[in-house]
2 protein chains.
Amino acid sequence: MSIDREKFPPLYRTVANNDEGLNSHSYVPNGLDATTSDPLSDRPGANPEQFVGLALSTCLNATLEAIEQRRDMPHTSQVHTIVEMARDRRGFQFYVTAQIKLPGVDQATAEAMVALAESRCPVAKLLGGSDNVRIELVDEFTPVTPVEKR
Amino acid sequence: MSIDREKFPPLYRTVANNDEGLNSHSYVPNGLDATTSDPLSDRPGANPEQFVGLALSTCLNATLEAIEQRRDMPHTSQVHTIVEMARDRRGFQFYVTAQIKLPGVDQATAEAMVALAESRCPVAKLLGGSDNVRIELVDEFTPVTPVEKR
């Protein structure tokens with residue numbers, strides 16, 4: 001599906017910048033300014049993996065919240081996105097797993113809501129062409145532990 | 001290309017969470033914790049659009065930095081990613097435009113470096129299936145102004 005800016009004109013515009021590289025900072029002018037660092041180093045800082053996870057978790061949960069509102073359901077959804085980095089045939093790749101919890105919602109309804117959120121959330125759409133991305137309904141979030149260094 | 005975790009085991013793992021919805025906060029446990037808000041509201045806060053931009057700008061510039069290093073070139077690259085939000089046939093969509101500046105690098109070399117970065121950067125790969133994403137070499141960044149409210 002190609003861009004049709006005439007039919008769907010932008011409602012909002014922002015910009016996010018990195019001027020110096022991985023061990024520096026990335027920022028939105030007059031907005032979030034985050035120290036960044038190489039995820040394989042011990043330096044504190046955010047990294048592209050975390051920004052991808054923040055984008056998908058925030059977007060999916062915003063979309064679920066809208067679905068809950070429309071159905072007069074209480075807002076209970078939570079989204080945790082695990083992002084892993086690995087080598088690839090060229091450069092690196094990320095494995096992305098978004099886990100959605102919908103406490104108090106029966107299984108069939110929850111599955112329908114997850115499918116709907118996936119079809120509406122703009123970040124899920126941007127990532128939808130990648131085999132490296134999974135969106136799943138869970139009863140409990142998977143505990144996330146660092147990869148052991150070899 | 002499907003995931004081959006045996007051949008390419010994860011080198012790094014992180015998680016990013018949103019537990020309360022769009023007007024709350026998104027966070028990495030023991031890491032970045034960002035207030036979030038609806039981009040169409042006047043509330044201060046980051047949003048999914050900005051997280052997508054931060055991910056692509058940081059990742060592309062980290063990849064360009066590595067290419068510069070390997071070629072014994074000075075690190076001059078800068079990446080600004082414009083993200084716009086619009087309605088879609090279902091829900092919303094983002095238009096993503098990453099602009100790359102490589103000051104002091106001749107045009108042919110710069111174009112080759114941009115193509116290489118696009119093929120190696122894991123965030124560019126995740127977004128590569130979407131027609132809504134553009135990565136372009138520029139002489140000057142486009143000034144970014146807010147969308148006028150109607």
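The following exercises, each with a worked solution, concern a predicted model with chains A and B.

**Exercise 1. Describe the overall make-up of chain A: how many helices and strands does chain A have, and in what order do the elements run?**

Step 1. Count the elements: chain A holds three helices and six strands.

Step 2. Read them from the N terminus, which gives the order β-β-β-α-β-β-α-α-β.

Step 3. Consider the extent of the chain. Along the principal axes, the C-alpha atoms of chain A fill a box of roughly 45 × 45 × 30 Å.

Step 4. Consider burial and contacts. Chain A has 150 residues, of which 47% count as buried. Among the contacts in chain A with a separation of 6 or more, 46% are made by residues 24 or more positions apart.

**Exercise 2. Compare the expected span of helix H1 of chain A with the distance between its end C-alpha atoms, and state how many of the residues of H1(A) are buried.**

Step 1. Find the length: H1(A) covers residues 48-70, which is 23 residues.

Step 2. Calculate the expected span. The rise is 1.5 Å a residue, and it is multiplied by one less than the number of residues; the expected span of H1(A) is therefore 33 Å.

Step 3. Compare: the end C-alpha atoms of H1(A) are 33 Å apart, which agrees with the expectation.

Step 4. Examine burial. A residue counts as buried if 20 or more other C-beta atoms lie within 10 Å of its own. By this criterion 18 of the 23 residues of H1(A) are buried, and the helix is mostly covered.

Step 5. Look just beyond the helix: H1(A) is followed by Asp72(A), which has a positive phi, near 55°.

**Exercise 3. Determine the order of the strands in the open sheet of six strands, and identify the edge strands.**

Step 1. Write the order: E3(A)-E2(A)-E1(A)-E4(B)-E5(B)-E6(B), with mixed pairing.

Step 2. Identify the edges. Strand E3 (33-35) of chain A and strand E6 (133-137) of chain B each pair on one side only.

Step 3. State the turn between neighbours: with direction ignored, neighbouring strands of this sheet are turned by 15° against each other on average.

Step 4. Add the helix that packs on the sheet. H1(B) touches E1, E2 and E3 of chain A together with E4 and E5 of chain B, and its direction makes about 30° with that of E1(A).

Step 5. Examine the pairing of E2(A), residues 25-27, with E3(A): it is antiparallel over three bridges. Here His25(A) stands opposite Thr35(A).

Step 6. Examine the pairing between the chains. E1(A), residues 12-18, and E4(B) are antiparallel over seven bridges, and Thr14(A) stands opposite Val83(B).

Step 7. Place H2(B), which lies across E5 and E6 of chain B at about 150° to E6(B).

**Exercise 4. Describe the side of chain B that touches chain A, and explain how the two copies are related.**

Step 1. Count the residues in contact: 77 of chain B with 77 of chain A.

Step 2. Find the main contributor. H1(B) gives the most to this side of chain B, with 15 residues.

Step 3. Classify the residues of this side: 41 are nonpolar, 25 polar and eleven charged.

Step 4. Superpose the copies. A rotation of 180° with 0.0 Å of shift along its axis places chain B on chain A, with an RMSD of 0.0 Å. The two copies are therefore related as by a two-fold rotation axis. In chain B, the C-alpha nearest this axis belongs to Gly129(B), at 2.3 Å.

Step 5. Compare the surfaces. Because 100% of the interface residues of chain B are also interface residues in chain A, the copies meet through the same surface.

Conventions
Residues numbered from 1 in each chain as written. Chains lettered and ligands numbered in written order. Predicted model: local features only at pLDDT ≥ 70, side-chain atom pairs only at ≥ 80, totals over all residues. Contact = placed C-beta atoms within 7 Å. Helix = DSSP H or I, 4+ residues; strand = E, 2+ residues; numbered from the N terminus. Nonpolar A, V, L, I, M, F, W, Y, C, P; charged D, E, K, R; others polar. Pairing = 2+ DSSP bridges. Buried ≥ 20, exposed ≤ 12 C-beta atoms within 10 Å, placed from the backbone. Axes fitted to C-alpha atoms, helices over the stretch in contact; angles between N-to-C directions. Least-squares fit on C-alpha atoms with pLDDT ≥ 70 in both.
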